[in-house]
Amino acid sequence: MKKDYMSHLPACPQCHSEFTYEDGNLYICPECAHEWSSQPVGEQAVDTAKVWRDASGNILQDGDTVTIIKDLKLKGGGGVVKIGTKVKNIRLVDGDHDIDCKIDGFGAMGLKTEFVKKV
(Lines give C-alpha, C1' and ligand atoms only; values in the text may rest on other atoms or scores of the structure.)
Protein backbone atom coordinates (compact mmCIF):
# COMPACT_ATOMS: atom_id res chain seq x y z
CA MET A 1 0.00 0.00 0.00
CA LYS A 2 1.45 3.35 -1.06
CA LYS A 3 1.49 6.12 1.59
CA ASP A 4 0.34 9.50 0.29
CA TYR A 5 2.53 11.98 2.24
CA MET A 6 1.11 15.18 0.75
CA SER A 7 -2.53 14.33 1.40
CA HIS A 8 -2.51 15.98 4.84
CA LEU A 9 -1.10 19.29 3.55
CA PRO A 10 -3.54 22.06 2.59
CA ALA A 11 -3.92 23.22 -0.98
CA CYS A 12 -2.44 26.58 -1.93
CA PRO A 13 -4.88 29.38 -1.07
CA GLN A 14 -3.83 31.37 -4.17
CA CYS A 15 -3.70 28.89 -7.05
CA HIS A 16 -5.31 25.86 -5.30
CA SER A 17 -2.39 23.61 -6.22
CA GLU A 18 -2.26 20.33 -4.29
CA PHE A 19 1.55 20.11 -4.48
CA THR A 20 2.34 22.22 -1.40
CA TYR A 21 5.17 21.34 0.96
CA GLU A 22 6.36 22.36 4.43
CA ASP A 23 9.51 24.33 5.21
CA GLY A 24 9.82 25.00 8.94
CA ASN A 25 6.70 26.95 9.98
CA LEU A 26 5.68 27.74 6.41
CA TYR A 27 3.73 26.03 3.67
CA ILE A 28 5.10 26.71 0.18
CA CYS A 29 3.48 26.28 -3.21
CA PRO A 30 6.00 25.21 -5.88
CA GLU A 31 3.72 26.29 -8.71
CA CYS A 32 3.03 29.94 -7.79
CA ALA A 33 5.73 30.40 -5.06
CA HIS A 34 3.13 31.55 -2.51
CA GLU A 35 4.20 31.10 1.13
CA TRP A 36 1.89 31.10 4.16
CA SER A 37 2.11 30.25 7.83
CA SER A 38 1.41 26.72 8.97
CA GLN A 39 0.45 28.12 12.38
CA PRO A 40 -3.32 28.22 12.91
CA VAL A 41 -4.88 31.71 12.92
CA GLY A 42 -5.24 33.02 16.48
CA GLU A 43 -2.51 30.80 17.91
CA GLN A 44 0.25 32.88 19.47
CA ALA A 45 3.90 32.21 18.70
CA VAL A 46 5.94 30.87 21.58
CA ASP A 47 8.13 33.54 23.18
CA THR A 48 11.69 32.20 23.12
CA ALA A 49 13.44 35.29 24.47
CA LYS A 50 16.32 34.30 26.72
CA VAL A 51 16.06 35.16 30.41
CA TRP A 52 19.27 35.58 32.39
CA ARG A 53 19.23 34.73 36.10
CA ASP A 54 21.84 35.26 38.79
CA ALA A 55 23.07 32.58 41.21
CA SER A 56 20.01 33.19 43.44
CA GLY A 57 17.50 32.96 40.58
CA ASN A 58 16.80 36.70 40.28
CA ILE A 59 16.17 37.95 36.74
CA LEU A 60 18.97 40.15 35.39
CA GLN A 61 18.57 43.05 32.97
CA ASP A 62 20.94 45.37 31.13
CA GLY A 63 22.18 48.14 33.43
CA ASP A 64 21.82 46.15 36.69
CA THR A 65 24.43 46.17 39.44
CA VAL A 66 25.71 42.80 40.60
CA THR A 67 28.15 41.49 43.22
CA ILE A 68 30.72 38.75 42.63
CA ILE A 69 29.92 35.75 44.90
CA LYS A 70 33.19 33.83 44.45
CA ASP A 71 36.85 34.77 44.01
CA LEU A 72 37.50 34.63 40.26
CA LYS A 73 41.00 34.02 38.93
CA LEU A 74 41.61 35.87 35.69
CA LYS A 75 43.13 34.05 32.75
CA GLY A 76 46.60 35.19 31.75
CA GLY A 77 47.81 35.86 35.29
CA GLY A 78 45.84 39.10 35.61
CA GLY A 79 45.03 38.61 39.29
CA VAL A 80 41.88 37.75 41.19
CA VAL A 81 38.51 39.50 41.31
CA LYS A 82 37.58 39.20 44.99
CA ILE A 83 34.25 38.09 46.44
CA GLY A 84 31.99 41.08 47.14
CA THR A 85 33.28 43.19 44.22
CA LYS A 86 30.44 45.34 42.83
CA VAL A 87 29.97 45.49 39.08
CA LYS A 88 27.80 48.35 37.83
CA ASN A 89 25.95 48.76 34.55
CA ILE A 90 26.20 45.20 33.21
CA ARG A 91 25.31 44.28 29.63
CA LEU A 92 23.75 40.86 28.93
CA VAL A 93 24.97 38.98 25.85
CA ASP A 94 24.68 35.55 24.24
CA GLY A 95 27.91 33.65 24.00
CA ASP A 96 30.58 31.97 26.08
CA HIS A 97 29.97 34.46 28.92
CA ASP A 98 26.60 35.99 29.79
CA ILE A 99 27.71 39.42 31.04
CA ASP A 100 29.95 42.07 29.48
CA CYS A 101 31.15 44.62 32.02
CA LYS A 102 33.96 46.85 33.24
CA ILE A 103 35.42 46.22 36.68
CA ASP A 104 37.42 49.00 38.35
CA GLY A 105 41.09 48.04 38.43
CA PHE A 106 40.66 45.20 35.92
CA GLY A 107 38.97 46.74 32.86
CA ALA A 108 36.52 45.12 30.43
CA MET A 109 35.71 41.45 30.90
CA GLY A 110 33.05 38.77 30.55
CA LEU A 111 31.36 37.06 33.49
CA LYS A 112 29.01 34.12 33.84
CA THR A 113 25.70 34.66 35.62
CA GLU A 114 26.36 31.72 37.97
CA PHE A 115 29.07 33.78 39.74
CA VAL A 116 27.08 36.95 40.40
CA LYS A 117 24.20 38.08 42.62
CA LYS A 118 21.92 41.04 41.86
CA VAL A 119 22.23 43.96 44.27
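A residue is counted as buried when its relative accessible area is under 20%, and by this criterion buried residues make up 24% of the 119 residues in the protein, for which the model is a predicted one. The exposed surface of the protein comes to about 8,700 Å², of which carbon and sulfur atoms supply 50%. The secondary structure consists of eleven strands and zero helices, so that, by the assignment used, the order of elements from the N terminus reads β-β-β-β-β-β-β-β-β-β-β. Among contacts between residues at least 6 apart in sequence, 35% join residues that are at least 24 apart.

The largest nonpolar core comprises 15 residues, and the members that touch the most other members are Val-87, Ile-99, Cys-101 and Leu-111. Two or more residues are given to this core by each of E4, strand E9 (99-103) and strand E10 (107-111), and the largest share, three residues, comes from E9. A second, separate core is made up of five residues, including Leu-9, Tyr-27, Cys-29 and Trp-36. In soluble globular proteins, nonpolar side chains tend to be buried together.

Two residues of the largest core can be described in further detail. Cys-101 has a relative accessible area of 7% and is therefore classed as buried, because this value is under 20%. For Leu-111, when residues up to four places away in sequence are not counted, the residues touched are Ile-68, Leu-72, Val-87, His-97, Asp-98, Ile-99, Cys-101, Ile-103 and Val-116; this list includes Val-87, Ile-99 and Cys-101, which are named with Leu-111 among the residues that touch the most other members of the core.

Strand E4 (residues 66-68) contains Thr-67, a residue whose relative accessible area of 18% is under the 20% limit, and which is therefore buried. When neighbours within four places in sequence are left aside, Thr-67 is in contact with Gly-84, Thr-85 and Lys-86, and also with Phe-115, Val-116, Lys-117 and Val-119. Val-116 is thus listed among the contacts of Thr-67 and among those of Leu-111.

With regard to the cysteines, the structure holds zero disulfides. Cys-32 is in no disulfide, and the nearest cysteine sulfur, which belongs to Cys-12, is 3.6 Å away; the pair is not assigned as a disulfide because the sulfur atoms would have to be within 2.5 Å. The relative accessible area of Cys-32 is 33%, a value between the limits of 20% and 50%, and this residue is therefore partly exposed, whereas Cys-101 is buried.

Key:
Residues numbered from 1 in each chain as written. Predicted model: local features only at pLDDT ≥ 70, side-chain atom pairs only at ≥ 80, totals over all residues. Heavy atoms only, no water. Helix = DSSP H or I, 4+ residues; strand = E, 2+ residues; numbered from the N terminus. Buried < 20%, exposed > 50% of the residue type's maximum accessible area, 1.4 Å probe, protein only. Contact = heavy atoms within 4.5 Å. Areas by Shrake-Rupley, 256 points an atom, 1.4 Å probe, with all protein chains shown as cover. Core = buried A, V, L, I, M, F, W, Y, C linked by side-chain atoms within 4.5 Å.
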